[in-house]
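Reader: Got a minute to go through this one with me? I'd like to start with how the helices pack.
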Amino acid sequence: MKANLPILCCILMFTACHTRQQDHVIFSNDVYTVYDNRVTQGNFKSFALSPTDIISDYQSPVRKIYSPVISFRFSINSRDNEMPANKVHKVLLKPVDGKYESPVILFGDTAESNQTPAEGKMLPLNTIWTVKVDMRPMLDAFKKQGFYATSTGDTIYETDFKGVYIAGDSEPLTWDFDNLYSRSDKELTDNDGDGIYELTLIMNTRDEESGRYSRWNIAEPDKKYPLFNSGIPVADAMYNMAIDELKTNIRPDGTFRAGAAWDGVWTRDISYSIYLALAYLQPEVSIMSLKAKVKDGRIIQDTGTGGAWPVSSDRVVWSIAAWEIYKYTGDKEWLAYAYDIISRTAEEDIKILKDPGTGLMRGEQSYLDWREQSYPRWMQPVDIYQSLCLGTNAVHYQMYRILEKMSVELKFPKEITKKYAENAEKLGAAINLHLWMKDRGYYGQYLYGGIYPILSRSADNLGESLSILFEIADPEQQRQIISNVPVTAFGTTSIFPQIPDIKPYHNNAVWPFVQSFWTLAAAKAKNETGVLHGIGAMYRSGMLFATNKELYVASTGDFTGSAVNSDKMLWSIAGQLSLVYRLYLGMQFETDGIHFMPFIPATLPGKKELKSFRYRNAELNITVQGTGNNIERFTLDGKLYKNAFVPATLTGKHQIEIRLYDEPAAQQSLHVRPVEYMPATTDLRYNKANNSAEIINYNEKNQYAVNIDGEFKGLINSGQYPLDDITEFTRVYIEAINPGQWYGFSGNPVTLVPDNDEIIIEAENYGQDKNPDIKGFSGKGFTEITKEKHTRLTYPITLKKSGDYYIDVRYANGSGPVNTENKCAIRSLYANGSFAGPLVMPQRGEDEWSNWGFSNPVTVHLNSGTNQLEIQFDPKINENMNGQVNSALIDYIRLRRKN
């Protein structure tokens, strides 16, 4: 406690002094208040003692609560495969002499438990818990049939068995199933061979935090960076802390790390950060960082679901950073280099990612790359590849606009410029056609379900923001988005509504970098209420936590309780800086110079001054006075100009002065509401007995929306939907709608295929491989495909009927886990000599070569009579991010006739 006395004294002295001063509130709501020199939230407070000194007494409430009721599930092979999503094991820990041993739990036992402690109870520190699970049914199944099928439909072959793990809601447990395989401290073992697996854990190991304070301070601002002064201590301190933390994120190799806990250089992290502010502050480091994310002349996709690209496909966000650097520097050499990289990547992407049915680009949501956090659990990586997401399509749209502008700067033929302009226009039109929800006044987050996709009616708030900033949304849509998308008291969540039973990370979380994009989008939509709400959220978290956290929990505003978190997060830092550069000063860089469009809410009056800002061959001192977003007067070196603009040709030192009219923006509406949750994903089954789609987890409180082949058929209030008179290929989706009118995800759609409309071609008949350790294949074997082996396979087929067919392959890819690495297998499908589309075969589990699934389907028109199908490895478009391992096993080719 003695070490904290100086800080405590500072707080007490400052509080006493401040009581004699008039309070000036910047932003306030029911849970916190941001003053010009402090932030208060309940009993917690943080002070900007000066522009270089922040003190906070914030202590995470979560750290003082540790329930003795532990919720958990077991896992085989690091997958969520023990029981349905709404089922968990619960145990009430009542330790004796600091130890507790659970009774043996049968794997998959869904018996309900009701163990709720008395209010105020807390698990003692360092409780030792031994948990045991009976895996004998699995082991018996291995002996009898070589595999074990879980109640969730997951089939585990003995040869693929890796281990038994535990996941849960109380630290050190986590619900991050995909990463359990790498955590030996979460693996249960059977040391005596009796089929009972066990693990001993130490629960509630956190230190008591009483008397601890957080503090950030520096001697003085670093004069190597532009100096900002507003006379508002909170704003000035947040700017200076961001600059200070930015410096710690420059690695020895001259690139940006993602944050204190993330040392790697990540394509999306650096790109969004460079776009927000870092291009102006560290252009050389920005260029080095972007170059580090290039391989073989194309942009590197960050590792992610199913083996990186093309399941994850937001790598083209690199382009918005590259273009921002060029607009700031005017460096033609960089422009030519960046254009070459972006254009190559774009050509590759359009062949592998473009969905021919909608015109949208496939792939995982931008930055929302932890699948359980924003997708229904039944979706495999191949399903995520087929999803058509708002944020990812927004960055592809902007990439085409950037290529259009780059081609003009590079004086390329007009046909090239026209091609990129047309690509952007078509993609923008497709986004508005397929993702805009007229009844809600904002975009849905993605289409999902593969064949005949349906729209998830949740909001992806980075995507919503980008659609405004990139002008995919027209001005009226922009106004509606900011007014209609729900935001919480603590800020704009990554998605809305939230998914139940998922630990906060992307779900139930506010990411400051997303909040900054949303705030800038609110300014573009001229919504001062939205802008001020965003500023309040940014300043609250930075001041109370005394660092720029990666995220915080939306329902509590706390940084503790999320699955993962980091201090000094690069894009959170960039988001804070964007409030100064892009919002208060309104700096918009274009190829001809800087255009100024300041936006300053009425509660932030006074002069904003930026000194020693370096721009190309000039050094600028900039002041903005007044509030609002309309410029009354703009002067450059004392001379009055009609347009708020300085040319790129400017050299030497200059003074810019901007005076605003002190008029608030007209649009004030904002949809603030508590964190809310969607209903549980429907668990769908085909009931053959009565020929219906059955909702296993039917809840009478919900309504259910039925979609057949992507078309809405109406609402039902029962657990079954009859499927009479269906004689063709059909897909049935059913979504729950709770009393709050929030839609849940449809379960894995019920698929009906008439027997005579499905054809199987055994792959081994045209290239057979054998391996006694691999199980679960159809027929007599399978075909192994690598970059060197079976690079071209031909399959003749004779059909009685011409028409369109969905063609996919049953495959295995054990090159890596589903959530990391970069070894997705990719091939090109040809039909009768013409390219039909890509076959994407994501990773399905580390060394799990008996784990079979299906690739994406490709729609192909085939003729009656003889046809020829070919599966080829085309190095021009089929190279994955690994470059070396691009392998899979093909069991058979499946053709299903389209109705």
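Reader: Which residues in helix 14 meet helix 15?
Author: This is a predicted model, and in it P512, Q515, S516, T519, A522 and A523 are the helix 14 residues that meet helix 15. On the helix 15 side, they face G530, V531, G534, I535, A537 and M538.
Reader: And how many nonpolar, polar and charged residues are in that contact?
Author: Seven nonpolar and five polar, with no charged residues.
Reader: OK, what about the geometry? At what angle do the axes of helix 14 and helix 15 cross?
Author: Roughly 160°, and the two axes come within 8 Å. Helix 14 covers residues 512–524 and helix 15 covers 528–545. Angles over 145 degrees count as roughly antiparallel, so helix 14 is roughly antiparallel to helix 15.
Reader: Is the crossing of helix 14 and helix 15 left-handed or right-handed?
Author: Left-handed.
Reader: Switching to the core. How many residues does the largest nonpolar core have?
Author: It has 192 residues. Those with the most contacts inside that core are Y272, W318, L577, Y581, Y584, F596 and F613.
Reader: Let's take W318. Which residues is W318 in contact with, leaving aside neighbours within four places in sequence?
Author: Before W318 in the numbering, there are T267, S271, L290, K293, V294 and I299. After W318 come W334, Y337, A338, I341 and I342.
Reader: What does the second, separate core include?
Author: That core has 28 residues, among them V133, V164, L199 and L201.
Reader: Now backbone oddities. Which peptide bond to P310 is cis?
Author: The one from W309, with omega near 10°. P310 sits in the loop between strand 19 (298–299) and helix 6 (318–329).
Reader: And what joins F496 and P497?
Author: A cis peptide bond as well, with omega about 0°. P497 is in the loop between strand 26 (495–496) and strand 27 (509–510).
Reader: What's the phi of K568?
Author: About 50°, a positive value although K568 is not a glycine. Most residues other than glycine have a negative phi. You'll find K568 in the loop between strand 28 (552–553) and helix 16 (570–584).
Reader: Why does K568 count as partly exposed?
Author: Because its relative accessibility is 31%, and partly exposed runs between 20% and 50%.
Reader: Last one: where is D662 found?
Author: In the loop between strand 36 (652–660) and strand 37 (684–687). Its phi is positive too, near 60°, and at 39% relative accessibility D662 counts as partly exposed.

Terms used:
Residues numbered from 1 in each chain as written. Predicted model: local features only at pLDDT ≥ 70, side-chain atom pairs only at ≥ 80, totals over all residues. Heavy atoms only, no water. Axes fitted to C-alpha atoms, helices over the stretch in contact; angles between N-to-C directions. Helix = DSSP H or I, 4+ residues; strand = E, 2+ residues; numbered from the N terminus. Parallel < 35°, antiparallel > 145°, perpendicular 65-115°, else oblique. Left-handed = near helix turned anticlockwise from the far one by under 90°. Contact = heavy atoms within 4.5 Å. Nonpolar A, V, L, I, M, F, W, Y, C, P; charged D, E, K, R; others polar. Core = buried A, V, L, I, M, F, W, Y, C linked by side-chain atoms within 4.5 Å. Buried < 20%, exposed > 50% of the residue type's maximum accessible area, 1.4 Å probe, protein only.
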